[in-house]
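Reader: Could you zoom in on one small spot for me and then work outward from there? I'd like one connected walk-through, with the reasoning spelled out wherever there is some.

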Amino acid sequence: MSHFEYIMVMVSIIQGLGLTLALRGISRLVRSAKREVAVVLWAVFLVFLYLQNWWAFWDMASVEEWNFIKFLFISLYVCIVYAMTELLLPMSAPQDTDWRVHYLAIRKWFCGLLVVLVFLGVTLSIYIVGVPLLHPYRIMQSMFLLMAILGWLMAGVGVHRWIAALMLVVLLASQVVFRLLPGLSG
């Protein structure tokens, strides 16, 4: 077993648990009488983020030298996404959860973790994969960062619905542009 395969076992476990948590959370949201659009949009965003991350981690298969610091960076990244998922869609949430009240209570933590996640994603791509700092994908990451900071600063649930929707659109568009168009993926 290579170092990459060994490290990806841990990543796969956390990613799988997080994706399961997100899908179960969406199921609870759909059945809830007090659902909140922002929470639904963020939950869908997290599902696609897990899928995008799974695919993006394959870019690390060509990395030849692994060390504990690289392992910690990757582990921290997937743990933060998992923490965001548990924060947004806690397994212990009662069936009658008012998702708007819940979201407004956790939004600073959620958006703050998202800010950290963007910085960590940039660091991972530079330090582990060797993607240049001025790669065109940084435009998308800058958009993620700006929206996450706005989410952290702004309290109104209406603006969070727009931020979550824009984040989802940017995530999906970035994957179409940078994964499907030749010449932009590297």
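**Starting from a loop serine**

Author: Let's begin with Ser62, where a polar atom of the side chain sits 3.5 Å from the backbone oxygen of Asp59. Keep in mind throughout that this is a predicted model. Ser62 belongs to the loop between H2 and helix H3 (68–88). Is Ser62 buried or exposed? Its relative accessibility is 58%, so Ser62 counts as exposed, the cut-off being over 50%. Ser62 also has a neighbour from elsewhere in the chain: Phe4 is 58 residues away in sequence, but the two C-alpha atoms are 8.6 Å apart in space.

For contrast, hop over to another serine, Ser174. You'll find Ser174 in helix H6, and with 0% relative accessibility Ser174 counts as buried. Ser174 also has a backbone oxygen to look at: a polar atom of the Ser174 side chain lies 2.8 Å from the one in Leu171. So we have an exposed serine, Ser62, at 58%, and a buried one, Ser174, at 0%.

Next, a pair of glycines in helix H1. Gly18 is placed in H1, and Gly25 is found there too. Gly18 comes out at 0% relative accessibility and counts as buried; Gly25 is also buried, again at 0%. Both have a partner far off in sequence to check on screen. For Gly18 the partner is Glu86, 68 residues along the sequence and 7.9 Å away, C-alpha to C-alpha. For Gly25 the partner is Ala93, again 68 residues apart in sequence, with 9.4 Å between the C-alpha atoms.

Now follow the chain past the end of H1 and stop at Glu36. Which side chains does the Glu36 side chain meet in salt bridges? One is Arg100, with a nitrogen-to-oxygen distance of 2.9 Å. Glu36 is in the loop between helix H1 (3–31) and H2, while Arg100 is in helix H4, so this pair ties together parts that are 64 residues apart in sequence. The other is Arg161, and here the N to O distance is 2.7 Å. Arg161 lies in helix H6, so its pairing with Glu36 in the H1–H2 loop ties together parts 125 residues apart in sequence. Through the shared partner, Glu36, Arg100 and Arg161 are joined into one network. As background, side chains of opposite charge can pair when their charged atoms come close.

Look at how accessible the three members are, too. Glu36 is buried, at a relative accessible area of 1%. Arg100 is partly exposed at 39%, and Arg161 is partly exposed as well, at 27%. A search of the whole structure turns up 2 salt bridges.

What about the cysteines? How many disulfides does a search of the whole structure find? The count is 0. For Cys79, the closest cysteine sulfur is the one in Cys111, and at 20 Å the gap is too far for a bond. Since a disulfide needs the sulfurs within 2.5 Å, Cys111 can't pair up either, because its closest cysteine sulfur, in Cys79, is 20 Å away. Their settings are worth a glance: Cys79 is partly exposed, at 37% relative accessibility, whereas Cys111 is buried at 1%.

Last stop, the largest pocket, which holds about 610 Å³ of space. Its lining is made up of 28 residues, and nearest the centre are Gln52, Ala56, Ser125, Tyr137 and Gln141. Which helices each supply at least two residues of that lining? They are H2 (37–57), H4 (99–129), H5 (137–153) and H6 (157–180). H4 gives the largest share, with 7 residues. Sorted by class, the lining has 16 nonpolar residues, 9 polar ones and 3 charged ones.

Methods: Residues numbered from 1 in each chain as written. Predicted model: local features only at pLDDT ≥ 70, side-chain atom pairs only at ≥ 80, totals over all residues. Heavy atoms only, no water. 1 Å grid on protein atoms, 1.4 Å probe; cavity = no way out; pocket = protein on both sides within 12 Å on 5 of 7 lines; lining within 4 Å. Points joined across faces, edges and corners; volume = space filled by probe spheres on them. Helix = DSSP H or I, 4+ residues; strand = E, 2+ residues; numbered from the N terminus. Nonpolar A, V, L, I, M, F, W, Y, C, P; charged D, E, K, R; others polar. Buried < 20%, exposed > 50% of the residue type's maximum accessible area, 1.4 Å probe, protein only. Salt bridge = Lys/Arg side-chain N within 4 Å of Asp/Glu carboxyl O. Polar contact = N/O pair within 3.5 Å; in protein donor to acceptor, adjacent residues only side chain to side chain.
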